[in-house]
Structures are given as C-alpha cells and as structure tokens.
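Me: I would like to go through a protein model step by step, with short questions and short answers. Please show the structure before we begin.

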Amino acid sequence: MRITLVTVGKIKEKFFVQAIAEYSKRLSRYCKLEIIEVADEKTPDKASEALELQIKEKEGERILKSIKDDSYVIALAIEGKMRSSEELAARIEKLGIGGESHLTFVIGGSLGLAPAVLNRADEKLSFSPMTFPHQLMRVILLEQIYRSYRIINHEPYHK
Ligand SMILES: C[S@@+](CC[C@H](N)C(=O)[O-])C[C@H]1O[C@@H](n2cnc3c(N)ncnc32)[C@H](O)[C@@H]1O
C-alpha cells in the first residue's frame with residue numbers, strides 16, 4: 001500500500017520533526033510512505049472571512065495538484081467521521097482488500113481546508129471535536145496509521 005500525506009507548510013520545531021522521522025521509519029516496514037508539503041500562505045493576525053477563504057483556496061489549489069487521480073483521499077476535518085483505532089485499522093485494511101492501493105491523507109493549514117479539497121475527499125476523518133495544530137496533527141496521524149498496521153498484523157502495541 002502507498003500512503004501519502006499532503007500537508008501545508010514546513011515544520012520547523014525539532015520535536016515535531018523528530019517524531020515525524022521516527023514514525024516514518026517505523027511505518028517503512030508496512031507501507032510506502034510519502035509526505036508532501038505544499039507551500040503555505042502568510043496569514044495576517046486579523047483577516048476578513050473573505051481573505052481567509054482566499055488563503056484556503058490558494059493552499060487548496062496546491063493540495064489538489066499534488067493528489068494523484070487514482071488515489072483514495074481521506075481529508076482530516078474536525079467535522080468528519082470519528083473512528084476508534086481498531087475501526088481505522090479495519091477501514092485501511094478493507095480499502096486495501098477492495099483494491100485501493102494508494103491512500104492520500106490531507107491535513108489543512110492553520111485556517112483549515114478549502115471546500116474544493118473537502119469535495120475531492122472520498123471521506124473525512126475526525127480525531128475529536130477539538131482543534132489540533134496542523135503540525136501536531138501530522139504526528140498524531142502517523143502514529144495512528146502505524147498503530148493501524150500493528151493491529152492489522154496482530155502485532156503487540158501499547159494499549
Ligand atoms: C489548525 S487546524 C484548522 C482549524 C480550522 N479552524 C478548521 O476548522 O479546520 C489545521 C488542520 O488540522 C487538521 N485537524 C485539526 N484538528 C483536527 C481534528 N480534531 N480532527 C481532524 N483533523 C483535525 C485539519 O486537517 C485542519 O485543517
């Protein structure tokens with residue numbers, strides 16, 4: 001299975017970079033992982049709704065360009081479907097069995113995802129009603145994908 005993460009902006013904080021590197025290494029046993037970082041837009045402290053939408057749309061165009069046509073897209077969105085770790089593992093396994101060989105997970109920038117990206121998504125996944133910073137979301141998502149593969153392979157992992 002190919003797994004691609006499409007994300008917005010570069011991560012500078014060393015602790016996030018280290019955690020991402022660690023989970024990417026662990027995941028390399030199970031899938032072909034690629035992380036694509038599209039450029040983010042500068043966001044002023046105070047922006048009108050119209051400007052915020054413009055910013056999300058610009059970032060959204062870059063996100064859409066980096067998604068392969070034949071890929072199954074899972075957008076991370078607070079309003080998406082919540083799943084337990086076991087349910088996410090079962091979903092990934094079922095998609096693979098059903099013939100999906102390339103999953104793309106999309107994480108929005110600080111303002112979130114543009115409507116066009118949410119429309120392109122085949123499904124939306126929520127990690128809770130809380131808002132997480134996109135840098136931390138990347139780490140949490142990688143850990144949950146790793147946990148999914150451990151569950152799929154009946155391998156032990158922390159409960
Ligand atoms: C800082 S959040 C954006 C917040 C924005 N107000 C929104 O409602 O999307 C950045 C990105 O992280 C992801 N994200 C943050 N919290 C999430 C959650 N609880 N569940 C799923 N994705 C989340 C989403 O992809 C979001 O676009």
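Me: Which residues are the closest to the ligand?
Reply: This is a predicted model. In it, 18 residues surround the ligand. The closest of these are Leu76, Gly108, Gly112, Phe127 and Phe132.

Me: Which element supplies the largest share of the shell around the ligand?
Reply: Two elements, β3 (72-82) and α5 (134-152), each supply at least two residues of the shell. The largest share is three residues, and the element they come from is β3.

Me: How many residues of the shell around the ligand are charged?
Reply: The shell divides by residue type into eleven nonpolar and seven polar residues. For charged residues the number is no residue at all, that is, none.

Me: Which residues does UniProt list for "binding site"?
Reply: The list comes from an unreviewed UniProt entry, and its annotations may be inferred rather than shown by experiment. The entry lists Leu76, Gly108, Phe127, Ser128, Pro129, Met130, Thr131 and Phe132.

Me: Is proline 129 buried or exposed?
Reply: Proline 129 sits in the loop between β5 and α5. A residue counts as exposed if 12 or fewer other C-beta atoms lie within 10 Å of its own. Proline 129 has 8 other C-beta atoms within 10 Å, so it is exposed.

Me: Is threonine 131 buried or exposed?
Reply: The loop between β5 and α5 also holds threonine 131. Its count is 10 other C-beta atoms within 10 Å, and therefore threonine 131 is exposed.

Me: What is the phi of serine 128?
Reply: Serine 128 is in the loop between β5 (123-126) and α5. The residue is exposed, with 9 other C-beta atoms within 10 Å. Its phi is positive, in a residue other than glycine, and lies near 160°.

Me: What is the phi of histidine 154?
Reply: Histidine 154 is found in the segment after α5. With 6 other C-beta atoms within 10 Å, histidine 154 is exposed. Although histidine 154 is not a glycine, its phi is positive, at about 55°.

Me: What pattern does the protein follow along the sequence?
Reply: The protein has five helices and five strands. Read along the sequence, they follow the pattern β-α-β-α-β-α-β-α-β-α.

Me: What is the radius of gyration of the protein?
Reply: The C-alpha atoms fill a box of roughly 50 × 35 × 25 Å along the principal axes. For 159 residues, a compact globule would have a radius of gyration near 15 Å. The protein agrees with this, because its value is 15 Å.

Technical notes:
Residues numbered from 1 in each chain as written. Predicted model: local features only at pLDDT ≥ 70, side-chain atom pairs only at ≥ 80, totals over all residues. Near = placed C-beta within 6 Å. Helix = DSSP H or I, 4+ residues; strand = E, 2+ residues; numbered from the N terminus. Nonpolar A, V, L, I, M, F, W, Y, C, P; charged D, E, K, R; others polar. Buried ≥ 20, exposed ≤ 12 C-beta atoms within 10 Å, placed from the backbone. Rg over C-alpha atoms; globule rule 2.2 N^0.38 Å.
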